[in-house]
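I sat down with this one to look up a few packing details and jot them here. Notes go in the order I checked things.

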Amino acid sequence: METVTITMKNPPVLYLEAEHVCPDEFAGKTAAQIAELHVYEGNTKSTLGKYFEVSGNAGATAAETKIVVKGDVKRVKYLGMKMSAGEVVVEGSTDLYAGAWMSGGKMTVKGDIQAFAATGMKGGELIIEGNAGNYLGAAYRGDWRGMSGGKILVKGNAGSDVGMYMTGGEMVINGDVDVHLATHAEGGKIIVKGNAPSKVAGQMVEGDIIIFGTIDVMMPGFKYVDDVDLEIEGTTAKFAHYIGDTGERHKKRKGQMVYGNLYQKI
Amino acid sequence: MTKTVTDVVCPFCGTLCDDLEVAVTDDGKQILDVYNACAIGAEKFLHSQAKDRITRPRFQQPDGTWKETSYDEAADYTAKMLAGAKKPLMYGWSSTNCEAQSMGHEIAEMCGACVDNTAAVCHGTTLIAVQDIGLPTCTLGEVKNRADTIIFWGCNPCHAHPRHMSRYSIFPRGFFTGKGHKSRKLVVVDPRVTDTAKMADIHLQVTQGQDYELLNAFRVAFKGEWLPDVVAGIPKEKIIEAANIMKAGRFGIIFFGMGVTQSLGKNHNIDEAIAVTKDLNEYTKFSIMPMRGHYNVTGSGEVLAWQFGYPYSVDLTRGFPRYNPGDTSSIDLLTRGEIDAAFVIGSDPGAHFPISAVKKIAQVNSVCIDPHITPTSGVSKLHVPVAFVGVETGGNAYRMDNVPIDCRKVVEPPEGMLTDEEFLTMVRDRVKKLKGVA
């Protein structure tokens with residue numbers, strides 16, 4: 001695997017839209033060619049090389065390319081967008097849409113990420129060592145298909161609207177989440193090791209949510225069924241099992257109504 | 001002698017009353033009195049007659065004083081500011097006509113600007129929800145003639161849309177509602193005991209920030225599923241009683257306002273309220289309608305959607321329209337420091353945005369187009385006063401139910417004053433030259 005390192009040397013005054021910082025775009029290019037890829041600051045088009053120092057050539061394909069992003073990229077959007085293979089490592093924190101629509105490969109952010117990360121994610125792995133923002137793994141505005149595959153790990157906390165319209169894949173959040181976890185979810189699995197304040201799984205059709213901490217206000221559409229023993233990520237514990245959202249539409253499978261499952265640790 | 005102008009349209013709130021009568025002097029230069037309007041609407045007409053009104057553009061000097069300038073110089077400054085910026089924000093649009101909005105969008109497209117209207121802090125969340133699950137709605141005429149179950153959720157029309165209840169929702173005797181308010185059931189959902197709530201048959205005093213839970217409880221109640229004893233501060237029995245009233249009517253409507261669109265849950269509250277409306281159509285006919293605030297905020301959404309495909313928070317910086325509130329919405333753009341010029345028209349973000357966002361307007365180059373002196377004009381580098389739309393110039397506006405109504409010109413503006421559209425045309429022509437567009 002070849003490594004391309006890009007280091008911020010000229011931070012933008014406004015915000016930078018750098019959707020080409022992605023193994024698929026870098027593949028087969030030399031450092032000089034990568035520096036020529038375009039970026040936008042507002043309505044002004046320029047090159048990646050104007051803001052970043054680029055060193056190292058990319059591999060022949062995306063799968064053979066690793067990108068390391070160094071320096072302050074807190075004002076850079078779209079890092080790793082639409083990546084299908086290879087690896088992206090962001091050494092600090094980054095802005096909106098990190099790993100949005102990614103379908104493969106691995107992206108690691110060592111700091112925090114802002115909203116809309118992993119929007120419409122289809123596959124691959126996203127690891128956030130700090131905190132995540134709102135709309136993690138959610139659908140793009142107006143779309144009814146959020147995250148549909150892949151894995152997300154957040155070592156810190158996440159914001160609101162996490163997993164909105166999620167249809168598949170798995171998400172683990174080691175800290176707390178804000179309101180509207182998995183609203184409209186139609187599949188997938190979310191594990192929250194911390195707390196969720198309220199509006200958990202509203203309008204949920206299908207899928208699994210596991211909360212280790214507290215839920216301040218439970219949705220009225222969630223009905224207690226029974227207590228179950230579950231093994232989650234190596235921890236075995238007793239969970240209260242709720243089904244819902246009973247106000248929402250649900251499919252029947254083999255004559256049985258299919259509900260969303262919410263498990264809360266007792 | 002005086003003359004009376006009839007069928008005047010009121011340019012204040014989204015109810016857009018079209019039955020006002022205004023007495024003016026024979027020379028058509030001064031308004032003497034306004035009839036049929038509510039207190040707020042009448043004040044809008046009479047206020048335009050103020051003797052101390054600003055009638056020429058003015059630049060703010062570094063010491064905070066103002067220096068008068070010409071419309072030509074003001075248009076030069078505005079065009080240079082917008083054409084030279086990397087990411088200008090063009091915000092407001094809700095208190096001007098559709099013609100001016102359309103002209104402004106032409107400028108925005110040439111300059112690669114972000115265009116946003118007051119829905120960003122108002123019913124923008126409604127528009128997100130509508131895009132997510134659709135909107136079963138109707139016109140206010142249908143409400144007047146058919147509706148027998150009225151729900152006001154998180155809104156207070158007694159004070160915010162004063163003639164809404166007398167013209168459309170509660171009191172009028174329509175074709176199938178001959179008994180007026182006696183034939184209508186009124187349900188109000190509000191954490192406060194407002195004047196609207198005092199008129200209600202049922203007032204559900206919901207816990208603040210738990211509208212989403214209560215709406216969800218209604219959907220559960222319609223399906224006859226298990227409910228907790230108390231939801232959002234309302235006992236289960238009362239929720240079921242209200243659910244039965246909704247189901248029993250012949251034609252129902254939910255009107256909703258800022259209480260649900262801008263409290264915790266935001267777009268999800270409206271999403272769930274629309275789902276409640278959808279569910280109720282299993283039993284009877286039900287509609288839902290946002291109580292739009294500014295008289296032409298609906299029009300701004302219509303014109304933006306017609307021209308760019310999205311109703312607010314449109315980002316044109318890359319030459320094609322993009323839309324994602326949270327990224328392209330005004331407050332986020334301002335507080336995150338994403339923009340380098342601010343252009344405000346027909347709105348007052350200085351009074352309604354968080355202080356961190358207002359500070360940003362004060363830091364960058366800024367133009368405020370507004371007939372009044374406002375907190376926004378106070379922090380702007382250039383203030384361009386214009387004629388009042390609906391009083392001193394006509395133009396098209398959209399009522400809250402998306403019905404377009406042509407406003408009427410009642411009096412002449414003070415001598416030499418331009419309208420929004422005229423000033424924006426001057427700016428558009430200058431931007432064309434600066435950008436080298438034929």
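My entries below cover a helix pair, a sheet, the chain contact and a hairpin.

**Caveat.** I'm working from a predicted model, so I keep that in mind throughout.

**Helix pair in chain B.** I started with α4 (residues 124-133) and α12 (residues 267-280) of chain B. Their axes come within 8 Å and cross at roughly 50 degrees. That angle makes α4(B) oblique to α12(B), because the oblique class takes whatever is left outside under 35, over 145 and 65 to 115 degrees. I looked up the hand too: the crossing of α4(B) and α12(B) is right-handed.

Which residues meet there? From α4(B) I listed B:T125, B:T126, B:I128, B:A129, B:D132 and B:I133, and facing them in α12(B) are B:N267, B:I270, B:D271, B:I274 and B:A275. Sorted by class, the residues of this α4(B)–α12(B) contact come out as 6 nonpolar, 3 polar and 2 charged.

**Sheet in chain B.** Next I traced an open sheet of 9 strands in chain B, with mixed pairing. The order I wrote down is β5-β4-β19-β18-β17-β6-β7-β15-β16. At the edges sit β5 (66-68) and β16 (322-323) of chain B, each of which pairs on one side only.

I zoomed in on β6 (residues 88-92) and β7 (residues 114-117) of chain B, which pair in the parallel sense over 4 bridges. For register, I noted B:L89 opposite B:C114 in β7(B). Then I asked what packs on the sheet here. The helix I found is α3 (residues 98-111) of chain B, which touches β6, β7 and β17 (341-345) of chain B. The direction of α3 makes about 165 degrees with that of β6(B).

**Contact of chains A and B.** How many residues does each chain put in? I get 31 residues from chain B and 28 residues from chain A. On the chain B side, the elements giving two or more residues are α4, α9 (211-222) and α12. So much for the list; the top contributor is α9(B), which gives the most, with 6 residues. By class, the side of chain B that touches chain A has 10 nonpolar, 9 polar and 12 charged residues.

**Hairpin in chain A.** Last stop was chain A, where β3 (residues 38-41) and β4 (residues 44-47) pair in the antiparallel sense over 4 bridges. I found A:H38 opposite A:T47 in β4(A). The hairpin of β3(A) and β4(A) has 2 residues between the strands, and A:G42 takes a positive phi near 60 degrees.

Note on methods. Residues numbered from 1 in each chain as written. Chains lettered and ligands numbered in written order. Predicted model: local features only at pLDDT ≥ 70, side-chain atom pairs only at ≥ 80, totals over all residues. Axes fitted to C-alpha atoms, helices over the stretch in contact; angles between N-to-C directions. Left-handed = near helix turned anticlockwise from the far one by under 90°. Contact = placed C-beta atoms within 7 Å. Nonpolar A, V, L, I, M, F, W, Y, C, P; charged D, E, K, R; others polar. Pairing = 2+ DSSP bridges.
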